[in-house]
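Biologist: Thanks for making time for this one. Could you walk me through the model, a question at a time?

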Amino acid sequence: MKKEDLLIGVHSSKPDDGDAGALVNAIRQNGVSACLYSECVEKNILPSLTIGFDSAGLPHWQKSMNKGIANIMWSKDSVFLSNIDIIEQFAAFDKFILLTPTPCDTEPIGRFFPKIKHGYLPCGLDFSKSIPCDKEFDIISYGQIVDIDQKMNELKSCMPEFVFKLMSDMYTIAVENPALSFWQIYNLFVESLNLEVDFEQYLLLFSNIAPVISSHKQIQMINSLKDYNVKVFGSACWSKYISGKVEYAGNASSDIVSKSKIVLYSHPIELSLGLSDVVLKSAASDSFVIASNTPSIELEFKDSMAYYNLKTFEDLPAKVEHFLSNSDERKNKCELAKKIVLDRNSLAVRMAQVIQLVLSNTK
């Protein structure tokens, strides 16, 4: 099959689905025909394949696969955190393909769902939504956290004692060793306790503890800057965990990252060794990013960002101080980071990778 012969149907979750529209545009930028899958159904046209984010278009999946059409589910988060029921439902379908945003999901997926076709594809940024803004803030951080105290109390009250202790120990190991993925930590405990690798057990541990670990790291990051005027956007429970000059500023608007000189980023364990849409959006926002020293981020962005020690945070205040005081250096690095996203991490670039994969498998 040649590139010009392809027609890709994009699943949408609602009539005005912006993500689906962005996917259609990104595919067309690569010289390939694309439209919403709902349009294919209306016109009785069979696309070459279908693709969508998460569970978008779910009611149509089985019908299209029964017609021999490959269906790609591109997950925005670890599948062990969301949509795992859908993976279980379609894992045995020959035409079902799963793309995950973290390479650390690929081994457990292969272990628990040996028949599934899957691979790693990080998020891509839709540049049509990028709008420059005046810099209203010096430093911001945005994101959702869980109420750690409340969550741990809930788990303690409903979990068997052994399971809760296992969760607590994994939590401690993860906090002290942020370079390890959850799958690596899980296997350390499996080996040391002579346990069997078990899907239900892994899912239970991951879905409950991974968000707590990531929240803990975000809170540590913010509290290391309690002497600075940091604005935190996101979960209301942030108010419980901040101190000093740090201020909780409510929910984040879509343009909030563009309104700050510096954006702070802590990479979640759920996306170990991947690239999140949060860091891509921040890098493309004309705001300077100070991120955790996560290998995948450092490898991609090199010195266009600054990186702090995710274990100790001891170097973060000095880096904030330096880049607040050196606006020219900060702006130059912002331009480099934005170019990296545009050249290598846009949604159009990701779709080019998908199209190449499709063409290479149809020769």
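Biologist: Let me begin with Leu-193: is Leu-193 buried, partly exposed or exposed?

Modeller: Happy to help, and please keep in mind that this is a predicted model, where local features need pLDDT of at least 70, side-chain atom pairs count only at pLDDT 80 or more, and totals for chains, interfaces and linings use all residues. Residues are numbered from 1 along each chain as its sequence is written, and side-chain values use heavy atoms, with hydrogens and water left out. Buried means under 20% relative accessible area, exposed over 50%, and partly exposed in between (1.4 Å probe, protein chains only). Leu-193 has a relative accessible area of 40%, so Leu-193 is partly exposed.

Biologist: Where in the fold is Leu-193, and how many Å apart are Leu-193 and Ser-64 in space?

Modeller: Helices (H or I, at least four residues) and strands (E, at least two) are DSSP runs, numbered from the N terminus. By that scheme, Leu-193 sits in the loop between helix 8 and helix 9. Leu-193 and Ser-64 are 129 residues apart in sequence, and their C-alpha atoms are apart in space by 45 Å.

Biologist: What is the C-alpha separation of Gly-21 and Leu-36?

Modeller: Gly-21 belongs to helix 1 (residues 18-28), and with a relative accessible area of 27% Gly-21 is partly exposed. Leu-36 is 15 residues away from Gly-21 along the chain, and the separation of their C-alpha atoms is 7.8 Å.

Biologist: On to the rings: how many aromatic pairs does the structure hold, and what is the geometry of Phe-112 and Trp-183?

Modeller: Rings of Phe, Tyr and Trp (its six-membered ring) pair if their centres lie within 6.5 Å; planes under 30 degrees apart count as stacked, over 60 as edge-to-face and the rest as tilted. The structure holds 21 aromatic pairs. In the pair of Phe-112 and Trp-183, the centres are 5.9 Å apart and the planes are at 90°, making the pair edge-to-face.

Biologist: Why does the pair of Phe-112 and Trp-183 tie together parts apart in sequence, and is Trp-183 buried or exposed?

Modeller: Phe-112 lies in helix 5 (residues 106-112) and Trp-183 in helix 8 (residues 182-192), so the pair ties together parts 71 residues apart in sequence. Phe-112, at 16% relative accessibility, counts as buried. Trp-183 has 6% relative accessibility, so the verdict is buried.

Biologist: Which residues form the aromatic cluster?

Modeller: Phe-112 and Trp-183 are both members of one cluster. The other names in that cluster are Phe-80, Phe-113, Phe-182, Tyr-186, Phe-199, Tyr-202 and Phe-206.

Biologist: How many salt bridges are there, and which residue meets Lys-240 in a salt bridge?

Modeller: A salt bridge is a side-chain nitrogen of Lys or Arg within 4 Å of a carboxyl oxygen of Asp or Glu. The structure holds 13 salt bridges. At 3.1 Å, N to O, the salt bridge partner of Lys-240 is Asp-147.

Biologist: Where do Lys-240 and Asp-147 lie, and is Asp-147 buried or exposed?

Modeller: Lys-240 lies in helix 10 (residues 238-241) and Asp-147 in the loop between strand 7 (137-143) and helix 6 (148-158), so the pair ties together parts 93 residues apart in sequence. Lys-240 counts as partly exposed at 46% relative accessibility. Asp-147, at 16%, counts as buried.

Biologist: Which residue forms a salt bridge with Lys-338?

Modeller: The closest N and O atoms of this salt bridge are 3.2 Å apart, and the partner of Lys-338 is Asp-286. The pair links distant parts of the chain, 52 residues apart: Lys-338 is in helix 14 (residues 327-344), and in the loop between helix 11 (277-283) and strand 11 (288-292) is Asp-286.

Biologist: One last backbone question: what is phi of Asn-44?

Modeller: Most residues other than glycine have a negative phi. Asn-44 is found in the loop between helix 2 (37-43) and strand 3 (49-53), and is exposed, with a relative accessible area of 71%. Although Asn-44 is not a glycine, its phi is positive, at about 55°.
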